[in-house]
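These are my notes on the model, set out as numbered points. Please read them alongside the sequence and the coordinates.

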Amino acid sequence: MPENLKHAIFCQWLLGAEQMTAVFSRDLHHDYPVAVRGGGMYLYDQHDREYLDMCGGAAVSSLGHQHPAVVSTIQKQIETMAFAHTAFFSNEPQERLAALLVDAFGEADARAYFASGGSEANETALKFAWQYWRARAQPTKVKIISRTHSYHGNTFGALSVSGHPARRSVMPDLLLDWPRIDPCYAYRFQQSGETEEEYGERAAQMLEQAILREGADTIAAFIAEPIVGASLGVVSAAKGYFTKIRAICDKYDILLIADEVMCGSGRTGTFFAFEQEGFRPDIVTLAKGLGGGYQPLAATIVCARISNFFTTSTAGFAHGHTYIGHAAACAAGVAVMQTIERQNLLAAVRTKGTEFGFMLKGTLAEHPNVGDIRGRGLFWAIELVEDKAEKTLFANSAQLAKQLKNTAMQHGLMCYPGGGNAEDGLNCHILLAPPYIVEHHHMDQAMAKLTAILTEVFGA
Ligand SMILES: Cc1ncc(COP(=O)(O)O)c(C=O)c1O
């Protein structure tokens, strides 16, 4: 087919005159608008419709769209050298990014292993845990304890340790089924008469009970998000929970993996979310906001104890993907981290986050279906309930989440609703994770749109 004819067909399709696609999309029964350009807080489709991005897709676009510093760094890197396979070479961007991440982690001998997405980063973390114990002559330590209503990725191992019923349901018999404990989720699980600290202690104790039930010699690691993102809707742990979890892991010689794929990279106002919880994990994973959507990028940072073990013993770490340490991807990560530093964006996340939370509560707290509004930094969620006093879950939150998302898109707002169903015990929530460059007028715009969306979906 001549090139000009191909181009004409593509343009016709792009304008929606003929909705044909060869893409095996996420939802084959949904007509997606085609994103053609972005700028700052906005994306634009093929009809030049504007979408205010208040969720960064899925907490990805930490610096918004087309940030000139990141774009020019990637451009320069690609012009100089896009890729050099890491089985043959190291490269400057991955060396620089590793140094920045290790410095942020705060342990001189820690090391960073790069991958392309959060699932890969978590698979890498699991393999570090297994190979570490095997190399230390404790091969029975294989199980990974996780939490219900958690999501750690869609690859086999990462989905196995995820406690998200809907996402597991496509292959329940095939996945490994290891112990899971309840999340620390005060809105639903804190008992009346219990202080926050008492609840945190009780929730953490579930880990010790699971370890004792299974036998510490069978457990390799515990994995949790310091702030649960999309599966529950921005749930921070009760005060003291994670320091207690750290102590339990130490007591039974179990590695602690913090999944900061969503809540890390500055999202909550410190580079790592664990910094605000007063503990340091043995392994932490990052993705999404680290590359800011400019490149597919993820990192698994291992503490000095683990990295020193591998560097001083003959046991190598058996793992690898073609694109680990990709030069252009790591250059994006360096540019994102340097921009956060240069523009003082961690402080901005804290102050703007406080303002954002205040606005959300002021605008939406009285709505009869808004059960809870919670968050930290620029990471917020609105939990929706059928009955406010009883905190009743909607029978089909997943369907409601879909409706909310479609309605939001019609209103030119990108937000990230999620949900399961009452049987799973999964709520319906709207997650908001605006880029760190958000300004007051964007938040104002978001409040008006959210109000209109809730009115349209739930009635007046
Ligand atoms: C906490 C968490 N971990 C892991 C993942 C998987 O990341 P990816 O989709 O980049 O593979 C996600 C994705 O949403 C996530 O939110």
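1. Two strands pair if DSSP finds at least two bridges between them. The model is a predicted one. By that criterion β1 pairs with strand β2 (residues 42-45) in the antiparallel sense, over 4 bridges. Within this pair, Gly-38 stands opposite Leu-43 of β2.

2. The β1-β2 pair belongs to an open sheet of 4 strands in the order β1-β2-β3-β15, where the pairing is mixed. β1 (35-39) and β15 (413-414) are the edge strands, each pairing on one side only. Helix α15 (residues 440-458) packs on this sheet and touches β3 (50-53) and β15. The direction of α15 makes about 105 degrees with that of β3.

3. On the chain as a whole: the secondary structure comes to 15 helices and 17 strands. A compact globule of 460 residues would have a radius of gyration near 23 Å, and the 22 Å of the protein chain agrees with this. The C-alpha trace spans about 65 × 60 × 45 Å along its principal axes. Of the 460 residues, 48% count as buried. Among contacts with a separation of 6 or more, 72% come from residues 24 or more positions apart.

4. A second point of topology is an open sheet of 7 strands, ordered β4-β12-β11-β10-β7-β5-β6, again with mixed pairing. β4 (111-115) and β6 (180-181) stand at the edges with a single partner strand each, so one side of each has no neighbour in the sheet. Inside the sheet, strand β10 (residues 255-259) runs parallel to strand β11 (residues 283-286), and 3 bridges join them. Ala-258 stands opposite Val-284 in β11.

5. Is Pro-226 buried or exposed? Pro-226 lies in the loop between β7 (219-224) and β8 (227-228). A residue counts as buried if 20 or more other C-beta atoms lie within 10 Å of its own; Pro-226 has 24 and is therefore buried. Leaving aside neighbours within four places in sequence, Pro-226 is in contact with Phe-242, Ala-258, Glu-260, Cys-263, Ala-273, Phe-274 and Glu-277. The C-alpha atoms of Pro-226 and Ile-257 are 9.7 Å apart, with their positions 31 residues apart along the chain.

6. Strand β14 (residues 379-384) is mostly covered, with 6 of its 6 residues buried. Phe-379, Ala-381 and Glu-383 point one way from β14, while Trp-380, Ile-382 and Leu-384 point the other way. The buried residues thus include the charged Glu-383.

7. Which strands pair with β14? Strand β13 (residues 370-376) does so in the antiparallel sense over 6 bridges, with Arg-374 as the bridge partner of Ala-381. The β13-β14 hairpin has 2 residues between the strands, and Gly-377 there takes a positive phi near 60 degrees. Strand β17 (residues 428-432) also pairs with β14 in the antiparallel sense, over 5 bridges. In that pair Glu-383 stands opposite His-429 of β17.

8. Finally, the ligand site. The ligand is surrounded by 15 residues, of which the closest are Gly-117, Gly-118, Ser-119, Gly-153 and Val-261. Helix α5 (residues 118-135) supplies the largest share of this shell, 3 residues. By class, the shell divides into 6 nonpolar, 7 polar and 2 charged residues.

Conventions: Residues are numbered from 1 along each chain as its sequence is written. This is a predicted model: local features need pLDDT of at least 70, side-chain atom pairs count only at pLDDT 80 or more; totals for chains, interfaces and linings use all residues. A residue is near a molecule or strand if its C-beta atom, placed from the backbone, lies within 6 Å of it. The radius of gyration is taken over C-alpha atoms; the globule rule is 2.2 Å times the number of residues to the power 0.38. A residue is buried if 20 or more other C-beta atoms lie within 10 Å of its own, exposed if 12 or fewer, and partly exposed in between; C-beta atoms are placed from the backbone. Two residues are in contact if their C-beta atoms, placed from the backbone, lie within 7 Å. Axes are lines fitted to C-alpha atoms, for helices over the stretch in contact, and angles run from 0 to 180 degrees between N-to-C directions.
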